Amino acid sequence: MLSFCLHRRSLSILIFPFIIVTALIITQTDLHHSIPGPLGRTKQPIPTVKPTPLHKPISTATPTPVIDAFPLAASAKSPADLPPIPSWNNPPTPHVNESTPLFIGFTRNWPLLQQTVVSYITAGWPPEDIYVIENTGVMHSNRNNLLTLQNPFYLDHHRLTKILSVNVISTPTLFTFAQLQNFYTFTALENNWSHYWWAHMDTVVLSDEEWNGEPYKSLYMRAVDALRETLDPAWGPLATRWFAYDKLALVRTQAFVELGGWDTMIPFYMTDCDMHERLWMRKFRIEGAEAGRVWDVHTSLDDLERLYKRGADPPKTTAKREGATEILPREPEGQRNSAVYQELVHSLNILQDLKSNAEGGRNTWQARQRGGHGEPFYRDPEGFEKGIWMWMDFGRDVYTEKWGRGPCNLREAGLVEEDAWRLVKDWENPDVQKQFRLDREKEAKEQVIKEKAEEKEGAKEKTSV
């Protein structure tokens, strides 16, 4: 009986605190939902309904559907189904002694990439030496034909590798421009390529059929000549050669390795300024070169077959004395610098002018496609574009923080490589210079006062001892 009573008493001791805590919780809850207001009024309970998400306005503009500008390649079963390239641009057989890899990076806009690749092939670059770097971030989706033409990240693996006979290397994830450039250098190292070329995917090239050099050479062979010139020891520490600025660039692999590669903290714009200025600071050479004609464009020709069939001229028409017309025979096939070639040059000039004067800037082509909803790795096209531009702005801020200024001409400002990350931001501004001097003077005075106080304190301690 005594043990039973002790047991009941123990349970009471354990349960009693629980009852008190529960009562306090209930009391606090009642107070929370019914707090006396002024003049004895009771406030209304705090609403517990979650706010409704607010969406940005939806763009009502309907993008122009992307159309395949190379229907012949779309129906081709093998490379033999394509027209032959102009005979005067055929790559040499056997291959030149030098390795001539050409990297063309791709993220968005398949029609532009296809045009760039075809233009290099028809300008004489061996297809087996062309490497399209698929930097889409969609992993194997394009390789497995899971994306459609209207998707910004669509790329036709089959056409590139089986019909055009070029190579495709896919990046493991979406790289920034700086990361992509380092990937080019890494790939060159992996393949023991002492040199490589890289090209923008929004360009078109032609061999210069008006070039008066003897013998005639294609764009490819003139690019090889530019490489051979740099192999002369008298050239010294070459880093890169630019054709039409860097729309096409030749890179000496080891120079980029010695510099430590591109600064990936500056992901897009200004990363080229940082890279090239650092090369100059190290006394590497950056030289210009010419190999052919290069256009910067934001749209594709209506039919890429025009890049192949350039030899024959259309019939010519002349006026007779009485006003009648006379049809002259076609010029023979296989003639360089024909009227067809000049017409192609004229069309590309127009495309380049359209890009230069495009409303919204030169790079509107990057966000032209809006399709692909529901496909693997789908990204909202407008959101993706917005994110890229935010990243660009961030890169400009990093560059300014790194060098203390925004402009590209670092050497002209007297900077050296060791100045990176050590400069006060906006150090060129007279007000910043003045404030810097005042701060240093103040710090110097404070240091003197601190040292005198420490000396005085030390003297007191010696006296007391």
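# Close-up views of a predicted protein chain

**View 1. Asn-145 is found in the loop between β2 (130-134) and α4 (157-163).** Helices (H or I, at least four residues) and strands (E, at least two) are DSSP runs, numbered from the N terminus. The structure is a predicted model, in which local features need pLDDT of at least 70 and side-chain atom pairs count only at pLDDT 80 or more, while totals for chains, interfaces and linings use all residues. Residues are numbered from 1 along each chain as its sequence is written, and side-chain values use heavy atoms, with hydrogens and water left out. Asn-145 has a phi near 60°, which is a positive value in a residue other than glycine. With a relative accessible area of 60%, Asn-145 is exposed, where exposed means over 50% relative accessible area, buried under 20% and partly exposed in between (1.4 Å probe, protein chains only).

**View 2. Asn-109, in the loop between β1 and α3 (110-122), also has a positive phi.** The phi of this residue, which is not a glycine, is near 80°. Most residues other than glycine have a negative phi, and most peptide bonds are trans. Asn-109 counts as buried because its relative accessibility is 4%.

**View 3. Two cis peptide bonds are shown here, each leading into a proline.** One joins Thr-93 and Pro-94, with omega of about 5°, and Pro-94 has its place in the loop between α2 (71-75) and β1 (102-106). The other joins Glu-214 and Pro-215, with omega of about -5°, and Pro-215 is found in the loop between β5 (203-206) and α6 (219-230).

**View 4. Thr-100 is a buried residue in the loop between α2 and β1.** Its relative accessible area is 1%. Leaving aside residues up to four places away in sequence, Thr-100 touches His-95, Trp-125, Asp-129, Trp-197, Tyr-220 and Val-224, a contact being heavy atoms within 4.5 Å.

**View 5. Helix α8 is largely enclosed by the rest of the structure, since 9 of its 11 residues are buried.** The buried residues of α8 are Thr-271, Cys-273, Asp-274, Met-275, His-276, Glu-277, Arg-278, Leu-279 and Met-281. Their cover includes α5 (177-190), β6 (238-243), α7 (253-259), β8 (285-289) and α10. After α8 comes Lys-283, whose phi is positive, near 70°.

**View 6. Helix α8 (residues 271-281) packs with α10 at an angle of about 30°, and their axes are 11 Å apart.** That angle makes α8 roughly parallel to α10, a description that applies to angles under 35 degrees. The axes are lines fitted to C-alpha atoms, for helices over the stretch in contact, and the angles run from 0 to 180 degrees between N-to-C directions. From α8, the residues Cys-273, Asp-274, Arg-278 and Met-281 meet Tyr-399, Lys-402 and Trp-403 of α10. These contact residues divide into 4 nonpolar, no polar and 3 charged, where Ala, Val, Leu, Ile, Met, Phe, Trp, Tyr, Cys and Pro count as nonpolar, Asp, Glu, Lys and Arg as charged, and the others, Gly among them, as polar.

**View 7. Lys-402 lies in helix α10 (residues 381-403).** Lys-402 counts as buried because its relative accessibility is 5%. The side chain of Lys-402 makes a polar contact of 2.7 Å with the side chain of Asp-263; such a contact is a pair of N or O atoms within 3.5 Å, of which, within protein, one must be able to donate a hydrogen and the other to accept it, and residues adjacent in sequence count only if both atoms are side-chain atoms. When residues up to four places away in sequence are not counted, Lys-402 touches Asp-263, Ile-266, Asp-274, Arg-278, Asp-419, Ala-420, Trp-421 and Arg-422.

**View 8. Val-398 is another residue of helix α10.** With a relative accessible area of 10%, Val-398 is buried. Beyond residues up to four places away in sequence, Val-398 touches Met-265, Ile-266 and Trp-421. Val-398 and Trp-421 are 23 residues apart along the chain, and their C-alpha atoms are separated by 9.7 Å.

**View 9. The protein chain as a whole, given as context for the close-ups, has 11 helices and 11 strands.** Of its 465 residues, 41% are buried. Among the contacts in the protein chain with a separation of 6 or more, 72% are accounted for by residues 24 or more positions apart.

Key:
Angles under 35 degrees count as roughly parallel, over 145 as roughly antiparallel, 65 to 115 as roughly perpendicular and the rest as oblique.
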